[in-house]
Amino acid sequence: MNSQCYTVAMDLGVCQLRNFSISFLSSVLGKESASVKLDNSSSGASVVAIDNKIEQAMDLVKSHLMYAVREEVEVLKEQIKELMERNTQLEQENNLLKTLASPEQLAQFQAQVQTGGSPTGAAQPPAPSGTTQAPPSTQNSGTSA
């Protein structure tokens, strides 16, 4: 049974909660069935008591599941927020690199993108340290001359 679980962190929590719920129900039903064996004359009341215990156990399971789901939603919201911030940062960096790149570099990059090649040459020159325009222009003037 445990081999089916653990594919996602949420599955682990559900599995643990399920095992807890089964043991809880077993203990509740075990105690109730013992009282039923002792007093067979009040079997109707015992059935109602068992039903009440089962309902309480199911409510407990439901509240635990809702808590686990809320916790997972909060984690996912935080991940979405971080990814959106990272996306914004990368878009700003991309715009900056586009403004710093020379027309020759942009044309070379567009050609590499259209041919499906790796733009390694275009990605190296616009490094954020120091002056990024000097090395590409010397490379481009060397290759175009």
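This is a short dialogue on reading a predicted model.

Q: How many helices and strands does the secondary structure of the protein have?
A: The protein has five helices and zero strands. Read from the N terminus on, the order of elements is α-α-α-α-α.

Q: What share of the residues of the protein counts as buried?
A: A residue counts as buried when its relative accessible area is under 20%. In this protein, 13% of the 145 residues meet that description.

Q: How much surface does the protein expose, and which atoms supply 60% of it?
A: The exposed surface comes to about 10,900 Å², and 60% of it is supplied by carbon and sulfur atoms.

Q: Which residues form a negative surface patch?
A: Asp and Glu count as negative. Here Glu74, Glu78, Glu82 and Glu85 form such a patch. One of them, Glu74, lies in helix 2, which covers residues 43–100.

Q: Why can Glu74 belong to a surface patch?
A: Patch residues need over 30% relative accessible area and no salt bridge. Glu74 passes the area cut-off because its relative accessible area is 48%, which makes Glu74 partly exposed.

Q: Among contacts between residues at least 6 apart in sequence, what share joins residues at least 24 apart?
A: In the protein, that share is 52%.

Definitions and conventions. Residues are numbered from 1 along each chain as its sequence is written. This is a predicted model: local features need pLDDT of at least 70, side-chain atom pairs count only at pLDDT 80 or more; totals for chains, interfaces and linings use all residues. Side-chain values use heavy atoms; hydrogens and water are left out. Helices (H or I, at least four residues) and strands (E, at least two) are DSSP runs, numbered from the N terminus. Buried means under 20% relative accessible area, exposed over 50%, partly exposed in between (1.4 Å probe, protein chains only). Contact means heavy atoms within 4.5 Å. Accessible areas come from the Shrake-Rupley method with a 1.4 Å probe; for residues, only the protein chains shown count as cover. Patches are made of residues with over 30% relative accessible area and no salt bridge: like charges are joined within 9 Å, nonpolar side chains (Val, Leu, Ile, Met, Phe, Trp, Tyr) within 5 Å. A salt bridge is a side-chain nitrogen of Lys or Arg within 4 Å of a carboxyl oxygen of Asp or Glu. The place of a charge is taken as NZ of Lys, CZ of Arg, CG of Asp or CD of Glu.
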